[in-house]
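Welcome, and thanks for taking a look at this one. Please open the model beside the text and follow along, topic by topic.

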Amino acid sequence: MLYHHRHLSRLQTIDRLIRIKGTGPPAQLARRLNISESCLYKDISFLKQLGAPINYCKKRCSYYYLTDGGFNFS
């Protein structure tokens, strides 16, 4: 159960950082979350499969949502 709580908490942190366009590049975000880049890519893919409209801006070096409002966890 603890693992699931940590995973949900990490997904919520990723969501919050995406909302403010403050993720930085993937390597930096992974370090910030204390996970591997491959784990980060899996989390981003998981959120996308759930319908999160996530994209990455190479110019800003940050993930962002294609639509305002982001993703709802409820």
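Buried means under 20% relative accessible area, exposed means over 50%, and partly exposed covers what lies in between. With a relative accessible area of 58%, Ile20 is therefore exposed. Please keep in mind that this is a predicted model. The points below go through the core, the helices, the hairpin and the loops.

**The nonpolar core**

- The largest nonpolar core has 15 residues, and those that touch the most other members are Ile14, Ile18, Leu40, Ile44 and Ile54.
- Two or more residues each come from helix 1 (2-19), helix 2 (26-33), helix 3 (37-49) and strand 2 (62-65).
- Which element gives the most to this core? It is helix 1, with 4 residues.
- In soluble globular proteins, nonpolar side chains tend to be buried together.
- Leu40 is a good residue to select in your viewer: leaving out residues up to four places away in sequence, Leu40 touches Ile14, Pro26, Leu29, Ala30, Leu33 and Ile35.

**Helix 1 and Arg10**

- Arg10 is placed in helix 1.
- Is Arg10 buried or exposed? Its relative accessible area is 15%, so Arg10 is buried.
- Beyond its neighbours within four places in sequence, Arg10 is in contact with Leu33, Ile35, Cys39 and Asp43.
- Asp43, one of these contacts, is also among the buried residues of helix 3.

**Helix 2**

- The residues Pro26, Leu29, Ala30 and Leu33 are buried in helix 2.
- These four cover an arc of only 100° around the axis, so they sit on the same side of helix 2.
- An α-helix has 3.6 residues a turn, so residues three or four places apart point the same way.
- Turned away from the buried side of helix 2 is a face that carries the exposed residues Arg31 and Arg32.
- Pro26, Leu29, Ala30 and Leu33 are also among the residues that Leu40 touches.

**Helix 3**

- Helix 3 has Leu40, Asp43, Ile44 and Leu47 as its buried residues.
- Their arc around the axis is only 95°, which means that they lie on the same side of helix 3.
- Lys42 and Gln49 are exposed on the other side of helix 3.
- How does the length of helix 3 compare with expectation? Its 13 residues should span 18 Å at 1.5 Å a residue, and the end C-alpha atoms are 18 Å apart, so the two agree.
- Gly51, just after helix 3, takes a positive phi of about 105°.

**The hairpin and Ser62**

- Strand 1 (residues 54-57) pairs with strand 2 in the antiparallel sense, over 4 bridges.
- One pair to look up is Asn55 and its bridge partner in strand 2, Tyr64.
- The two strands form a hairpin with 4 residues between them.
- Ser62 lies in strand 2, and with a relative accessible area of 3% Ser62 is buried.
- What does the side chain of Ser62 meet? One of its polar atoms lies 3.1 Å from the backbone oxygen of Lys21.
- Not counting residues up to four places away in sequence, Ser62 touches Lys21, Gly22, Thr23, Gly24, Asn55, Tyr56 and Cys57.

**Loops and positive phi**

- Ile20, exposed as noted above, is placed in the loop between helix 1 and helix 2.
- Ile20 and Tyr64 are 44 residues apart along the chain, yet their C-alpha atoms are separated by 7.8 Å.
- Most residues other than glycine have a negative phi, and most peptide bonds are trans.
- Asn34 has a positive phi, near 60°, in a residue other than glycine.
- Where is Asn34 placed? It is in the loop between helix 2 and helix 3, just after helix 2.
- Asn34 counts as exposed because its relative accessibility is 72%.
- Cys61 likewise has a positive phi, near 55°, in a residue other than glycine, and lies in the loop between strand 1 and strand 2.
- At 32% relative accessibility, Cys61 counts as partly exposed.

Technical notes
Residues are numbered from 1 along each chain as its sequence is written. This is a predicted model: local features need pLDDT of at least 70, side-chain atom pairs count only at pLDDT 80 or more; totals for chains, interfaces and linings use all residues. Side-chain values use heavy atoms; hydrogens and water are left out. A nonpolar core is a set of buried Ala, Val, Leu, Ile, Met, Phe, Trp, Tyr and Cys residues joined through side-chain atoms within 4.5 Å. Buried means under 20% relative accessible area, exposed over 50%, partly exposed in between (1.4 Å probe, protein chains only). Contact means heavy atoms within 4.5 Å. Two strands pair if DSSP finds at least two bridges between them. A polar contact is a pair of N or O atoms within 3.5 Å; within protein, one must be able to donate a hydrogen and the other to accept it, and residues adjacent in sequence count only if both atoms are side-chain atoms. The expected span of a helix is 1.5 Å times one less than its number of residues. The arc is that of the directions from the helix axis to the C-beta atoms.
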